[in-house]
Amino acid sequence: MYIEKDKFVAVFSEMTDENARPSLPLWNELPDLELYMDQVISFISKYFDTPSSEKIITPSMVNNYVKLGTIPAPVRKKYSKEHLAYLFMVCTLKQTLDMATIQKIIPVGLNAPQIEYIYNSFVKNQGKAYGYVTENVLNVALPIFENEGENQDRLNDLLLQVASAANIFKLLTEKLADCHKTEKE
């Protein structure tokens, strides 16, 4: 496979740019007012950078999450701060994990202080993980980028290492989620 070094470097530059780093709002930044479905979709969508053809969240998805018991049901078709917290976590995690694993990590039925704690912890740890991953990948990538010319084998190896690491993190998360015990158990 052929990788364009300039594009590869540009992607890594973007990933390390503090201003481009994805971040979710903390609990106290979520609206206190209850929202209708279209407001929820609009609010959550603006925090995710996805290709225009891909929707991170749709009304059908939200309805399915409620049916699956992944998020609590709305109250009189309105969604609270708690719903938004669940939806932000689900929308983030579903990019990698299946719903069964997500439900183990963030079970439904928590009270507001528990949800607030888990959600704020999720947001903070997402930022830490992003920094950890980009720093470690850059340690491997920089020598390749600084090397004159295009060394396709090393660029391919880097791409495959990142893909393999993503798979390993996914598998580890699934195994760790199996260790998770809810208070109900």
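Here is a walk through this predicted model, starting with the whole chain and ending with a few single residues.

Let's begin with the overall layout. The chain has seven helices and zero strands, so if you trace the elements from the N terminus you simply read α-α-α-α-α-α-α. Lay the C-alpha trace along its principal axes and it spans about 60 × 35 × 25 Å. There are 185 residues in the chain, and 32% of them count as buried. The chain exposes about 11,700 Å², with carbon and sulfur atoms supplying 55% of that area. As for charge, you'll find 19 positive and 24 negative side chains, and the centres of these two sets lie 10 Å apart.

How do the parts of the chain meet? Take the contacts between residues at least 6 apart in sequence: 72% of them join residues at least 24 apart.

Now to α4, a good place to spend some time. This helix covers residues 81–93, which makes 13 residues. At 1.5 Å a residue the expected span is 18 Å, and the end C-alpha atoms are indeed 18 Å apart, so the two agree. The helix is mostly covered, with twelve of its 13 residues buried. Among them are His83, Leu84, Ala85, Tyr86 and Leu87, and the buried set also includes Phe88, Met89, Val90, Cys91 and Leu93. What does the covering? The cover includes α2 (37–45), α3 (59–68), α5 (99–105) and α6 (112–146).

Two polar residues of α4 deserve a closer look. Lys81 sits in this helix, and it counts as buried because its relative accessibility is 14%, which falls under the 20% cut-off. Setting aside residues up to four places away in sequence, Lys81 touches Trp27, Asn28, Leu30, Pro31 and Asp32. Thr92 also has its place in α4. Its relative accessible area is 14%, so Thr92 is buried too. Once you leave out neighbours within four places in sequence, Thr92 is in contact with Leu24, Phe48, Phe122 and Gln126.

From here it's a short step to the nonpolar interior. The largest nonpolar core has 32 residues, and the members that touch the most others are Leu30, Ile44, Ile57, Val62, Leu87, Phe88 and Tyr119. Helices α2, α3, α4 and α6 each supply at least two residues of this core, and α4 gives the most, with nine. There is also a second, separate core of ten residues, which includes Val137, Ala141, Leu155 and Leu158.

Ile44 is a handy way into the larger set, since you can follow its contacts one by one. Leaving aside neighbours within four places in sequence, Ile44 is in contact with Ile57, Leu84, Leu87, Phe88 and Cys91. Ile44 is also one of the buried residues of α2, along with Met37, Val40, Ile41 and Phe43. These buried α2 residues pack against α3 and α4.

Next, the loop between α3 and α4. Arg76 is found there, and so is Lys77. Both have backbone angles to check: phi of Arg76 is near 50 degrees, a positive value in a residue other than glycine, while Lys77 has a positive phi of about 65 degrees although it is not a glycine either. Are these side chains buried or exposed? Arg76 has a relative accessible area of 72%, over the 50% cut-off, so it counts as exposed. Lys77 is at 66% relative accessibility and therefore counts as exposed as well.

The last stop is Ser121, which lies in helix α6. With a relative accessible area of 24%, Ser121 is partly exposed, because that value falls between the 20% and 50% cut-offs. Ser121 and Leu26 are 95 residues apart along the chain, yet their C-alpha atoms are separated by 9.1 Å.

How values were computed: Residues numbered from 1 in each chain as written. Predicted model: local features only at pLDDT ≥ 70, side-chain atom pairs only at ≥ 80, totals over all residues. Heavy atoms only, no water. Helix = DSSP H or I, 4+ residues; strand = E, 2+ residues; numbered from the N terminus. Buried < 20%, exposed > 50% of the residue type's maximum accessible area, 1.4 Å probe, protein only. Contact = heavy atoms within 4.5 Å. Areas by Shrake-Rupley, 256 points an atom, 1.4 Å probe, with all protein chains shown as cover. Lys, Arg positive; Asp, Glu negative; His and termini not counted. Charge placed at Lys NZ, Arg CZ, Asp CG, Glu CD. Expected span 1.5 Å × (residues − 1). Core = buried A, V, L, I, M, F, W, Y, C linked by side-chain atoms within 4.5 Å.
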